[in-house]
Structure formats: structure tokens, C-alpha cells
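The following exercises are to be worked with the sequence and the structure at hand. Each task is followed by a solution that proceeds step by step.

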Amino acid sequence: MATKKKEAQLQILVNNQALWDEMLQSKGLTVIDVYQAWCGPCKAMQPLFRKLKNELNEEEMLHFAVAEADNIVTLQSFKDKCEPVFLFCLNGRIIAKVEGANAPLVNRIVTALIDEEKKIAAGEMVRPQYNEIALVDPEAEDTGDAQYEALHKPCCIAIIKPDAVLSRKVLDIKEKITSAGFVIEAEAKLILTEDQVLEFYSSIADEPDFEEFMYFMTTALSYVLVLSKGSEQVPILDETETEPETEPEELSEDQPDGQVEVTPEVTGKRDSTLQEYLERQHISQFCDLEEDITNVTKFVDIFFPDFKTVKLQKTLALLRPDLLHDRKEEVLHVIEEEGFKILDQRQIILSEQEAHILCKEYENENYFERLIEYMTSGPSLAIVLLGDNGVEHWKELLGPITVEKAIENHPESLCLQFARGSLPINQLYGSDSVEAAEWEIKHFFPPQSTLALIKPHVTREQREEILKIIKEAGFELTQAKEMLLTEERANKIYAKITGKPFYKDVLEMLAEGPSLVMVLTKWNATAEWRHLMGPVDPEEAKLLSPDSIRARFGINILKNIVHGSSNVYDATEIIGKIFDEFVSENPEEN
């Protein structure tokens, strides 16, 4: 096969049909940049290809090629198209296509496929059967607005309903879904709007109890999952196979009357592999599925508008002591310019153990002990970043771990831009993987839960706007339930003021309609929520904190829109009292 020497064997040059046919004989994965002679290959993607080649280090398994569409009959449909196209050829079959220089998506596909190939080679899994992609004119394909054809296309939308969330069955349901061979591509915790419920459940909208069902679905938290088929699927049991003797009624026998809402029974959802599996696990009543591919695409757009183009990830960034002291604002400016959102930040003095964890890549260097001493000598700045493909993007910006390597290969990297001090190290740190980021963020920013309340006089539109503000502030909506705050429930939330003369007015205000009671989770949640709410008096809030929720939506001191616990102890106690009444007492069900 002809090679392009000046690319240092990075990409094979394929410029006629014979070379294309020869390339298809290659074993393993070949990533093909399809280009036109007048514009050439996509140079913007070559750094990613070099990175993948170096990091994955799979010479026999991973190959890269550039293919000139003008002279290859098979690729005539791409002729005269200016947008980059990347094809993925696995053992002679084109199984995936990405349109546009979407580096995060290409990286995800390559990494997933190579990981599968390694497992196959090790005998840990059987080879999946991928559908081969027809190389037809992209504009002639009836694909709507889809921007790519990928290996694991969304095949199902699942909604885990409020009663499952309130009774803490979500983790069990998700585990059963993944054990059935499905991959959770995305998930969101949402209080569904009426429009969303009408769209998803349109087939049952004429049923007599739909109004009750609508109220049930729009007054508490649901989980929405995007599922794709993994490499291994759990087969449906044959009709002749025996199932364990189980009475479905036993699921709710231990739940005291009135303590857990039961989903109003609806019909109209057809059986499927996953549906039948969930039925056999006796959890199908908590989870509704949509598998018609046209509807799946529609609901992905509704619930996850950025699913096809954006892969938001959190990562941990760290400014070492000297950099924090001298050039903090410059680094924060770079972070903002690169499109990251700062969710949390705090100064910390690392323990020796923490310093060893964050500096493990230097442990074989002769200056390692001096580095540990330096890292524990003063404060560093830890930051939680959120961005598109955040982990990889931040690591790419950082560059090599040493100044010497940055000078040689990455002169534009932050490593070189912010180099300083006697130690030849990168003065910035970033998590190595999504898993590492999750652990590090939880360690340095331990999550805390607080109780929050949206009062009854808020409109539906205002409530949705407030929930959006909460999400953008980095809070996780852990629990939520719309409920009428009777005096008994109100006493649990407002225990500190029950003896005050104005408490009667508070009870009257709460009796005007249902409130939305929520559990919000993030680092320093109680203080952060109180800051986001603003001063108690909306007029004072407009002067002192004009961007706060009370300043924007509050009417007066009594109808100031939101409420929150005053300290961590109160929040923990009230959450236990309010939400425990919705949880089954049977620990096996939770």
C-alpha cells in the first residue's frame, strides 16, 4: 500500500480505486479523511490523530488514511463537497461516518472501537455485528438534521418516573438496563413540562385518567435516559423457559398507604427486548420506553438539544502555588476564552498524600521530593470546569507535563506559556480521565445537599426559569416534589419560626397552592443556594444582589418566591423529615 512519507507514516495516501480496495483488506480500524483535490485533507484533525496514535499505541490495530474522493469511484458521492468527512473502516467494512471536523466525536468513536478490539483479542467479548454504511450522497440521504452516523446510535428513550425517583429505585433500574446490554449515552433529571408529557405520551392522551397522569408526571422529578445498544444484548427468555414464581403485587405490599405515589396505570406501550426484560425484573411500571427511531430522534432533540454536537464534561483544574500567587487572573481569562464554565473554585493547601496523587506522573524524576514539598508549602487553586469534551480539551490545552517537552513539541501549550520557578514542571494540572475527574472533584469539592423551596405564587414559566438558573449555577436536582404544604409539613420546614407572630401569614401564603420542594446538591450547597436566592426582602435584593432569584421574581417579603435551609444541620434534618415520607420502608426496594 502506498504511504505518504512526509506524514511520518501517520496517514496512508489513497488516491485511486485500486489503493482503496487494497486498504479495505487491512485488519483493525482505519480512520479515513475523505477530501477533494482542490482543498486537501483536514489538517485541523491531524493533531488528534497523532495523539490517538501515540496514546493508544496500537500499530497493528489502528491506522489513518487520507482518501482523494475525485479519483475513487466508491467515493464519488463526496466529490465537490467542501465539508470534511471521516469514515471508519473496521476490518474492511465502513461502519461509521462523521461529517465535519468534530474532534470529540471522532476521539470517542476511535477510543471505543479500539477498546472493543482489545477485548475481542483477549477473548473477553464476542465481535459485535455492525451495519455497513452505504456511501451515498449525504445530501440525498433522508437523515433530517443528523450530523453523523455513529456506531452506537440512540435506539431508545427511557423515562424513569417520579415514584421510582422518590422511592430511590433509580440506581437499581439503571443497573438492570445496563446489565441488559444497553449503554446510557446521556441522562437528565427533569421535572417534565406539560408539553413534554403530551409529546412523549401522545398515544395515551385520550385515556380517561390522563389528566391525573399528567399531574403526576409534571409535579416531581423524573430521569430521562438516552440508550443505545451495546455489544452484548440479553436475550429474551423463551416462552418455554421457567421464570421464578413472583407476584408483582409484592412490590408495593410493604409501602404504607399514602406514602409513595403509584403511577396511574396507562396502556399503549408495546413490548420490546428491553421492555420484556424490565417486565421480567418487575420494574417496568416505573420506566416507560420509546423505541420508534423517528420518535427517538425527536425526543433526543427535545430533551438533549446538544446531544449530537456537544459532550459536556466536568474536569478538575489546579493552579500550583506560584502560578496562583502571580498569574491567577491570566489563567482564568484563558479558561473563559476557551469556552469553559467555572462551576466551583477554592484555595486549598494539599496534604502530602494529596500531593502524591496529583503529582504521580513525576514520581520517577529526581526532583519529586522537592515537588511534593513545593505543593504542600502553600495554597493551590482547585477549579471545577465544565466544557465540551472538557477532560480532553483541558489536557490538550495544558500540553506536556514538563517544560522541556513543551519546548520541543508544543510551544503553544499552557505549560510553556505559564512556565516559572525552579521546577521544570507544568504549573497547571488536569484530570487524566472522566473517572479521575469524578473522583477528584468529589474529593476536593465534597457534595452537600440542602433543602430548597419554590413557593406557590410562582407561575409555571417563572418556575421553569428558576429551575434553569439552578441548573446553570451547577446544582444537581437530587429530589423534587410538588406538594401542598399543610401546617404539619410547613412546621417541619419552618421549625425555627413557628412561634413567631407572622407565622400565621406564612401558613396562609403556603396554603394558596402547591409548592415545589427540592433537594439541591453541590459543594457548599447551603451557602451557595442562600447566595443565589438573595436577601429575604425582594426590594433589598434588587439593591444588594440584583441578579438573585428574589430580586428578579420576588413580590414582597412574604411572597419572595423561594426559601432555603439556613445551615447544613437544618437541611439534613428537614430533608429526612420531608422526603422520608415518600420512601418505602422496605430497604430491599430502595
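A residue is termed buried under 20% relative accessible area, exposed over 50%, and partly exposed in between, with a 1.4 Å probe and protein chains only. The model is a predicted one, in which local features need pLDDT of at least 70 and side-chain atom pairs count only at pLDDT 80 or more, while totals for chains, interfaces and linings use all residues. Residue numbers start from 1 along each chain as its sequence is written, and side-chain values use heavy atoms, with hydrogens and water left out.

**Exercise 1. Two asparagines with positive phi**

Task: Determine whether Asn91 is buried, partly exposed or exposed, and do likewise for Asn389.

Solution.
Step 1. Asn91 is located in the loop between β4 (85–90) and β5 (93–99); helices (H or I, at least four residues) and strands (E, at least two) are DSSP runs numbered from the N terminus. Phi of Asn91 is near 50 degrees, a positive value in a residue other than glycine.
Step 2. The relative accessible area of Asn91 is 28%, so this residue is partly exposed.
Step 3. Asn389 occupies the loop between β13 and α14 (390–398), and its phi is likewise positive, near 50 degrees.
Step 4. Asn389 has 6% relative accessibility and therefore counts as buried.

**Exercise 2. The sheet that contains β9**

Task: Establish the order of the strands in the open sheet that includes β9, and explain why β9 is described as largely enclosed.

Solution.
Step 1. The order is β8-β9-β7-β10, with antiparallel pairing; two strands pair if DSSP finds at least two bridges between them. At the edges are β8 and β10 (287–290), each of which pairs on one side only. From one strand to the next the twist averages 20 degrees, where axes are lines fitted to C-alpha atoms, for helices over the stretch in contact, and angles run from 0 to 180 degrees between N-to-C directions.
Step 2. Strand β9 (residues 222–229) is joined to β8 (residues 182–190) by 8 bridges, and Ala188 stands opposite Val224. With β7 (residues 154–160), β9 shares 6 bridges; there Ala158 has Leu225 as its bridge partner.
Step 3. Between β7 and β10 there are 4 bridges, and Ile160 faces Cys287 in β10.
Step 4. Helix α5 (residues 170–179) packs on this sheet through β7, β8 and β9, with its direction at about 155 degrees to that of β8; a contact means heavy atoms within 4.5 Å. Helix α10 (residues 293–303) lies across β7, β8, β9 and β10 and runs at about 60 degrees to β7.
Step 5. Of the 8 residues of β9, 7 are buried, so the strand is largely enclosed by the rest of the structure.

**Exercise 3. The sheet that contains β11**

Task: Identify the edge strands of the open sheet that includes β11, and the helix that packs on that sheet.

Solution.
Step 1. This sheet has 4 strands in the order β12-β13-β11-β14, paired antiparallel. Its edges are β12 (341–348) and β14 (428–430).
Step 2. Strand β11 (residues 312–319) pairs with β14 over 3 bridges, and Leu319 is placed opposite Leu428.
Step 3. Helix α17 (residues 434–444) packs on the sheet, touching β11, β12, β13 (380–388) and β14, and its direction makes about 60 degrees with that of β11.

**Exercise 4. Aromatic pairs**

Task: Classify the ring pair of Phe340 and Trp394 as stacked, tilted or edge-to-face.

Solution.
Step 1. Rings of Phe, Tyr and Trp (its six-membered ring) pair if their centres lie within 6.5 Å; planes under 30 degrees apart count as stacked, over 60 as edge-to-face and the rest as tilted. The count by this rule is 12 aromatic pairs.
Step 2. The centres of Phe340 and Trp394 are 5.9 Å apart and the planes lie at 85 degrees, so the pair is edge-to-face.
Step 3. Phe340 belongs to the loop between α11 (321–337) and β12, and Trp394 to helix α14, so the pair ties together parts 54 residues apart in sequence.
Step 4. Phe340, at 7% relative accessibility, counts as buried; Trp394 is buried with a relative accessible area of 0%.
Step 5. Elsewhere, ring pairs link Phe200, Tyr201, Phe210, Phe213, Phe216, Phe299 and Phe303 into a cluster.
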